[in-house]
Amino acid sequence: MKERIPEVVLEVAEKLSGAGFEAYLVGGCVRDFLLNREPKDWDITTGAKPEEIQKLFPDSIYENKFGTVGVKTRSEDPKLKIIEITTFRVEGKYTDKRHPDEVRFAKTVEEDLSRRDFTINALAMSPDGKIVDPYGGQKDIKGKVIRTVGKPEERFEEDALRLMRAVRFSAELDFEIDYGTRKAIEEKAGLLEAIAKERIRDELVKILLSDRASAGIILLEEVDLLRYIMPELREGLAVGQNKHHIYTVFEHNLRALDYTAKKNYSLEVRMASLLHDVGKPRVKKGDGPDSTFYNHDLVGAKMAIGLLDKLRFSKTFVEHVAHLVKYHLFYYNVGEVTDAGVRRFLNRVGPEYLDDLIRVREADRIGSGVPKAVPYKLRHLLFMIDKVRRDPISPKMLKVDGKAVMEEAGIPPSPKVGRIIAILLEEVLEDPSKNVKSGLIARVRELNELSEKKLIEMASKGKEKVEEFESGAEEEMKKRHYVK
């Protein structure tokens, strides 16, 4: 058993022991160790006070009030560069349901373990492999059970984030939540409103990144926590779809998420797949096999922005997910779309989003109950995209820029510059061979001679031109969404 502990971790623990202090590996690393999982980090608890730890480990960091010292090691492994050592401690009441009012140093490891959230985390292991387990954590690990240390109501009153942590551990480990613990979660669900959105976000991310992400979301709903996290997602509960769908909106979104978890796709793709149809309940018209969901992609994108902003996700992440939700309904049919149409599609959705957009489409298909994630049509689209990928598809790829237009036309920064660039791009999208500087300069001169009214008309035609991805699909889309 000892040989499975990283050498630098043993060195730190044994140095503490050699100086006469009790030292134990503690918490999640012991749980993962017993489960034969790779621990995400290695934490140590000890009877030594922070100042005593610092004397033993001069190259350390102590910048908190919880008695935790970060000891720097010689390891190149990011998980082992700093080992956190915390003095045995007990905690006072949690008046704000988030933080202990006071932290006091304790004398024994058993006292320290008494403050832990769940039995599977209330474990300590000495450097020689001896397990300290006062609350039956090993038994619960074998039985695959999530159970609080002591009365669950008290544990959740102390820190309401533990409500979500129970669900997260259930999803990550494929454990069942003990009946008493689960009942207490349901009763105390409203306490989650007192928790900072950033902390809720971090637990949600861990659930979504687990292999059983959809099971985690389902459990959040079953124990009445989802309403405090993603109420917009709940709007799809029991909302039936049309004859092209065999699942409710909520079930469909979860099945799409499940596919992305199995494929180990990124967090952005998982979140977009979970939310891609979140707008459907708000736009649904009619009921039964002929119901419609017109514009649910646009409505869903706005809802995703609001939801993710509320959970304090980064602006970049929010924009990425919303973009995928907005464009997940793209249409393509073999034989209807030319190279120019594919270039316009890439210009519209952005080549940097393309791979993720395809992944969301795969998830959408599998979530609908069809057998193939990537049918022939989608494979043909990928072929067409690969064929035109190096062609100019954005203003930045033109051989002339706004500055060149202003110099050649002798005009100041103005809407006219943007209109000329838009016209040039539309012509190059149609025929990439026109993306030659001399030819574009000549074209700038020609366009500059036109009236403002004519330029507006030409630029508008480019913007309003129906995408070939959609022009050949109007009737198909009407059939698909039952729009008359």
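Reader: Let's start with Phe118 and Phe169: are they buried or exposed?

Author: Keep in mind that this is a predicted model. In it, Phe118 is buried, and Phe169 is buried too.

Reader: And how do I read two aromatic rings as a pair?

Author: You describe a pair of aromatic rings by the distance of the centres and the angle of the planes. Take one from this structure: the ring centres of Phe118 and Phe169 are 5.9 Å apart and the planes meet at 85°, so this pair is edge-to-face. The pair links distant parts of the chain, with the two positions 51 residues apart. Phe118 sits in the loop between helix H4 (109-113) and strand E8 (124-125), while Phe169 belongs to helix H7 (residues 161-173).

Reader: How many aromatic pairs does the structure hold?

Author: There are six aromatic pairs. One of them joins Phe33 and Trp42, again edge-to-face, at 6.4 Å centre to centre with 70° between the planes. Phe33 counts as buried because its relative accessibility is 2%, under the 20% cut-off. Trp42 is buried as well, with a relative accessible area of 4%.

Reader: Back to Phe169. What lies over the face of its ring?

Author: That's Arg168, at 4.5 Å from the ring centre. A similar arrangement can be found at Phe293, where the charged end of Lys280 sits over the ring, 4.9 Å from its centre.

Reader: Which residue forms a salt bridge with Arg168?

Author: The general idea first: side chains of opposite charge can pair when their charged atoms come close. Here, Arg168 forms a salt bridge with Glu172, and their closest N and O atoms are 3.3 Å apart. Both residues lie in helix H7, four residues apart, or about one turn of the helix. Arg168 is buried at 6% relative accessible area, and Glu172 is buried at 16%. The two also belong to a network of salt bridges that links Lys40, Arg168, Glu172, Glu203 and Lys206.

Reader: Which helices hold Arg344 and Glu430?

Author: Arg344 is in helix H17 (residues 339-349) and Glu430 is in helix H21 (residues 415-430), 86 residues apart. Their side chains meet in a salt bridge at 2.4 Å, N to O. Arg344 is buried, with 4% relative accessibility, whereas Glu430 is partly exposed at 42%. Helix H21 also holds Glu427, linked to Arg443 in helix H22 (residues 437-448), 16 residues apart. That salt bridge has an N to O distance of 2.7 Å. In total, the count comes to 40 salt bridges.

Reader: What about Arg270: how far away is the nearest side chain of opposite charge?

Author: That side chain is Asp211, 5.5 Å away, and Arg270 is buried yet has no salt bridge. You'll find Arg270 in helix H13 (residues 267-275). Look at its polar partners instead: the Arg270 side chain reaches the backbone oxygen of Leu208 at 2.7 Å and makes a polar contact with the side chain of Asn264 at 3.2 Å. Residues farther than four places away in sequence that Arg270 touches include Leu257, Thr260 and Tyr265.

Reader: One last backbone feature: what is phi of Asn36 near?

Author: Phi of Asn36 is near 60°, a positive value in a residue other than glycine. Asn36 lies in the loop between helix H2 (28-34) and strand E2 (43-46), and Asn36 is exposed, at 62% relative accessible area. Lys144 has a positive phi too, near 55°. Lys144 sits in the loop between helix H5 (137-143) and strand E10 (145-146), and is partly exposed, at 38%.

Notes:
Residues numbered from 1 in each chain as written. Predicted model: local features only at pLDDT ≥ 70, side-chain atom pairs only at ≥ 80, totals over all residues. Heavy atoms only, no water. Buried < 20%, exposed > 50% of the residue type's maximum accessible area, 1.4 Å probe, protein only. Lys, Arg positive; Asp, Glu negative; His and termini not counted. Salt bridge = Lys/Arg side-chain N within 4 Å of Asp/Glu carboxyl O. Polar contact = N/O pair within 3.5 Å; in protein donor to acceptor, adjacent residues only side chain to side chain. Contact = heavy atoms within 4.5 Å. Phe/Tyr/Trp six-rings, centres within 6.5 Å; stacked < 30°, edge-to-face > 60°. Lys NZ or Arg CZ within 6 Å of the ring centre and 35° of its normal.
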